[in-house]
Amino acid sequence: MSELIERIGICVERGKVNKNSPFPNDMKGLDGSDELTRQALDAGIRPDEILQACNTGMQRIGERFSKNEVFVPELLMAAKAMHAVMAHLKPFFKSGSVKAKGKFVLGTVAGDLHDIGKNLVAMVVEGNGWEVIDLGVDVKSVKFLDAIKAHPGCTVGLSALLTTTMTNMSKTVQEIKASYPSTNVIVGGAPLTMDSAIKMGADGYSSDPQGAVAFLSKMSTIG
């Protein structure tokens, strides 16, 4: 059983979604994360053990991405393999037999329609065990505030790609902090730096998905 769990983690790290998936080349024709997760559940392996294997795989690919050893296409394939696992595990989340590490409300700020970076963060964060509430793009402050109210204790992630929307991001951070001072906010996107994040009043900044995971892990430990 431990070998089966380890294979799930490898499939997530390598981006092997299912048996028919042609990627990666050296795993053609082999079972992917989809088939292996079903086999694991049928064998009586606990969903939380499978989730941990998924988390481990995503952490490994995330660390390699941070070191520029792999690039966005590989990270996207890993996220797809992880989603194949999560499709099997979501019923267990809903039943309460598997507990998420926490809730992460995420959205691209008002005036900005870019979502590739946001979607990547959402997939990696979910693969590391958090429940993600994705509000989409062009999200106004009130929608973030409503989501925080609906999900007490959540952490909020704001994304922006356009320099022109950084003002909207700053406004949203300030409104969140005014209404929910204890809510942790992390920001990210091409025009941002740690300095600009601090000036906005955000609690954190990350240039990549793994940084967001690290921030969430740190905040959950502090909490």
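This is a short exchange about helix packing, two backbone features and a pocket in a predicted model.

Reader: What makes H4 oblique to H5?

Author: The angle does. Helix H4 (residues 72-95) and helix H5 (residues 116-127) pack at about 50 degrees, with their axes 9 Å apart. Roughly parallel needs an angle under 35 degrees, and roughly perpendicular runs from 65 to 115. The angle falls in neither class, so H4 is oblique to H5.

Reader: Which residues make that contact, and what is the handedness of the crossing?

Author: H4 passes H5 in a left-handed crossing. From H4 come Val72, Leu75, Leu76, Ala79, Met82, His83, Met86 and Lys90. H5 supplies Leu120, Met123, Val124, Glu126 and Gly127. By class, the contact has nine nonpolar, two polar and two charged residues.

Reader: Why are H2 and H4 called roughly parallel?

Author: Their axes cross at roughly 30 degrees and come within 8 Å. The cut-off for roughly parallel is under 35 degrees. H2 and H4 therefore count as roughly parallel to each other.

Reader: Where do H2 and H4 touch?

Author: On the H2 side, the residues are Ser33, Asp34, Thr37, Arg38 and Leu41. They meet Ala81, Ala84, Val85, His88, Leu89 and Phe92 in H4. This contact divides into six nonpolar, three polar and two charged residues.

Reader: How do you know that H1 and H2 are roughly antiparallel?

Author: Compare the angle with the cut-off. The axes of H1 and H2 cross at roughly 155 degrees, coming within 9 Å. Angles over 145 count as roughly antiparallel. H1 and H2 are therefore roughly antiparallel. Their crossing is left-handed.

Reader: Which residues form the contact of H1 with H2, and how do they divide by class?

Author: Leu4, Arg7, Ile8 and Cys11 of H1 face Ser33, Leu36, Thr37, Gln39 and Ala40 of H2 across the contact. Five of the residues are nonpolar, three polar and one charged.

Reader: Now the backbone. What joins Phe23 and Pro24, and where is Pro24 placed?

Author: A cis peptide bond joins them, with omega about -10 degrees. Pro24 sits in the loop between helix H1 (2-14) and helix H2 (33-42).

Reader: What sets Asn68 apart?

Author: Asn68 has a positive phi, about 60 degrees, although it is not a glycine. It belongs to the loop between helix H3 (47-66) and H4.

Reader: What is the volume of the largest pocket, and which residues lie nearest its centre?

Author: The volume is about 540 Å³. The lining has 30 residues. Nearest the centre lie Gly117, Lys118, Val121, Gly189 and Ser207.

Reader: Which elements give two or more residues to the lining?

Author: Three strands and two helices do: strand E1 (103-108), strand E3 (155-159), strand E4 (185-188), H5 and helix H9 (209-222).

Reader: Which element gives the most to the lining?

Author: H5, with five residues. H5 is also the helix that packs against H4 at about 50 degrees.

Reader: How does the lining divide by class?

Author: It has 17 nonpolar, nine polar and four charged residues. Gly counts as polar here, and Gly117 and Gly189 are among the residues nearest the centre.

Notes
Residues are numbered from 1 along each chain as its sequence is written. This is a predicted model: local features need pLDDT of at least 70, side-chain atom pairs count only at pLDDT 80 or more; totals for chains, interfaces and linings use all residues. Side-chain values use heavy atoms; hydrogens and water are left out. Axes are lines fitted to C-alpha atoms, for helices over the stretch in contact, and angles run from 0 to 180 degrees between N-to-C directions. Helices (H or I, at least four residues) and strands (E, at least two) are DSSP runs, numbered from the N terminus. A crossing is left-handed if the near helix is turned anticlockwise from the far one by less than a right angle, and right-handed if clockwise. Contact means heavy atoms within 4.5 Å. On a 1 Å grid over the protein atoms alone, a cavity is a set of points where a 1.4 Å probe fits but cannot get out, and a pocket is an open set with protein on both sides within 12 Å along at least five of seven lines; lining residues have an atom within 4 Å of a point. Grid points are joined across faces, edges and corners, and a volume is the space filled by probe spheres set on the points.
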